[in-house]
Amino acid sequence: MKRKPILLFVFPALMLLILAGERAATFLLGTYPASPTMWRIWLELRPLATMFWQQVDLYAGASIALDAAMLATAAVACWMACRARGSAAFFLANHATLLFAGLMIAAGSHSETASTIAAFTAPSGIPFSLAIDFTLKNSLVLCLGLAACAYCHVAFLNEARQRGEARAIRILALRRDF
């Protein structure tokens, strides 16, 4: 199985498109505030991306142009990582995107009704709970992320196996020559 950079880039691209879509919907909502379509799009994308953009806007200012530049830079970096020769780059890009998606979903769930509430007890004995909203949209994003992660693992292990086979053939050839 040969590694395909486009398949490795699908999940990071999806997350970047969600972030870009929310920014575009926010911009268009400011331009066309009476449009029900813009409100519907914005309300769909808001739970996944708003907490992230609130933090970015806090530190970088509320500039849509800066947000677009950051998204373009992240897209180029992820694409280059997925096309890199070394396995570590695409492995890191996909896993960082999966962690980022999980954090976005967890951070965005605090204001919604949670479908799963887990209660934990800290080592100090203080109880706390974690509420994550497993809606269909969030579950699809996480399932796509896990599929991308599985593909990443298969590609990584396949490349390691191929390197091992090539090394074994070279060692066998050296033994035969001696």
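Analyst: A disulfide is a pair of cysteine sulfur atoms within 2.5 Å. With that cut-off in hand, a search of this predicted model finds zero disulfides in the whole structure.

User: Why is C149 not counted as part of a disulfide?

Analyst: The closest cysteine sulfur to that of C149 belongs to C152, and the two are 6.4 Å apart. A disulfide needs the sulfurs within 2.5 Å, so this pair is too far apart for a bond. Seen from the other end, C152 is in no disulfide either, as its nearest cysteine sulfur is that of C149, 6.4 Å away.

User: What makes C149 and C152 buried or exposed?

Analyst: The label "buried" asks for a relative accessible area under 20%. C149 has 13%, so C149 counts as buried. C152 has 0%, so C152 is buried too.

User: Thanks! On to the rings: how many aromatic pairs are there?

Analyst: There are two aromatic pairs. One of them joins F9 and W79, with 5.2 Å between the ring centres and 75 degrees between the planes.

User: What makes the F9 and W79 pair edge-to-face?

Analyst: Two values settle that. Ring centres have to lie within 6.5 Å to pair, and planes over 60 degrees apart count as edge-to-face. For F9 and W79 the centres are 5.2 Å apart and the planes 75 degrees apart, which makes the pair edge-to-face.

User: Which parts of the chain does the F9 and W79 pair tie together?

Analyst: F9 sits in helix α1 (residues 5-31) and W79 in helix α3 (residues 64-83), so the pair links parts 70 residues apart in sequence. F9 is buried because its relative accessibility is 14%, below the 20% cut-off. W79 has 29%, so W79 counts as partly exposed, the label for values between 20% and 50%.

User: And why is the W39 and W42 pair called edge-to-face?

Analyst: The same test applies. The ring centres of W39 and W42 are 5.7 Å apart, within the 6.5 Å limit, and the planes stand at 90 degrees, over 60, so the pair is edge-to-face. Both residues belong to helix α2 (residues 36-60), where being three residues apart separates W39 and W42 by about one helical turn. W39 counts as partly exposed at 38% relative accessibility, while W42 counts as buried at 18%.

User: What makes up the lining of the second largest pocket, by class?

Analyst: This pocket has a volume of about 210 Å³. Of its 14 lining residues, L16, L19, A74, C78 and F100 are the closest to the centre. Helices α1, α2, α3 and α4 (87-108) are the elements that give two or more residues to the lining. By class, 13 lining residues are nonpolar, one is polar and none is charged.

User: How do you know that R23 is buried?

Analyst: R23 has a relative accessible area of 11%. Anything under 20% is called buried, so R23 is buried. R23 lies in helix α1 and, leaving aside residues up to four places away in sequence, touches W53, D57, I64 and D67.

User: What makes A84 partly exposed?

Analyst: A84 has a relative accessible area of 23%. Partly exposed covers the range between 20% and 50%, so A84 takes that label. A84 is found in the loop between α3 and α4. Apart from residues up to four places away in sequence, A84 touches R3 and A89. The C-alpha atoms of A84 and P5 are separated by 8.6 Å, with their positions 79 residues apart along the chain.

User: Why is L146 called exposed?

Analyst: L146 has 52% relative accessibility. Exposed means over 50%, so L146 counts as exposed. L146 is in helix α5 (residues 136-177), and the C-alpha atoms of L146 and H95, 51 residues apart along the chain, are separated by 9.3 Å.

User: How many helices and strands does the protein have?

Analyst: The protein has five helices and two strands, running α-α-α-α-β-β-α from the N terminus on. Of its 178 residues, 29% are buried. Among contacts with a separation of 6 or more, 68% join residues 24 or more positions apart.

Methods: Residues are numbered from 1 along each chain as its sequence is written. This is a predicted model: local features need pLDDT of at least 70, side-chain atom pairs count only at pLDDT 80 or more; totals for chains, interfaces and linings use all residues. Side-chain values use heavy atoms; hydrogens and water are left out. Buried means under 20% relative accessible area, exposed over 50%, partly exposed in between (1.4 Å probe, protein chains only). Rings of Phe, Tyr and Trp (its six-membered ring) pair if their centres lie within 6.5 Å; planes under 30 degrees apart count as stacked, over 60 as edge-to-face and the rest as tilted. Helices (H or I, at least four residues) and strands (E, at least two) are DSSP runs, numbered from the N terminus. On a 1 Å grid over the protein atoms alone, a cavity is a set of points where a 1.4 Å probe fits but cannot get out, and a pocket is an open set with protein on both sides within 12 Å along at least five of seven lines; lining residues have an atom within 4 Å of a point. Grid points are joined across faces, edges and corners, and a volume is the space filled by probe spheres set on the points. Ala, Val, Leu, Ile, Met, Phe, Trp, Tyr, Cys and Pro count as nonpolar, Asp, Glu, Lys and Arg as charged, and the others, Gly among them, as polar. Contact means heavy atoms within 4.5 Å.
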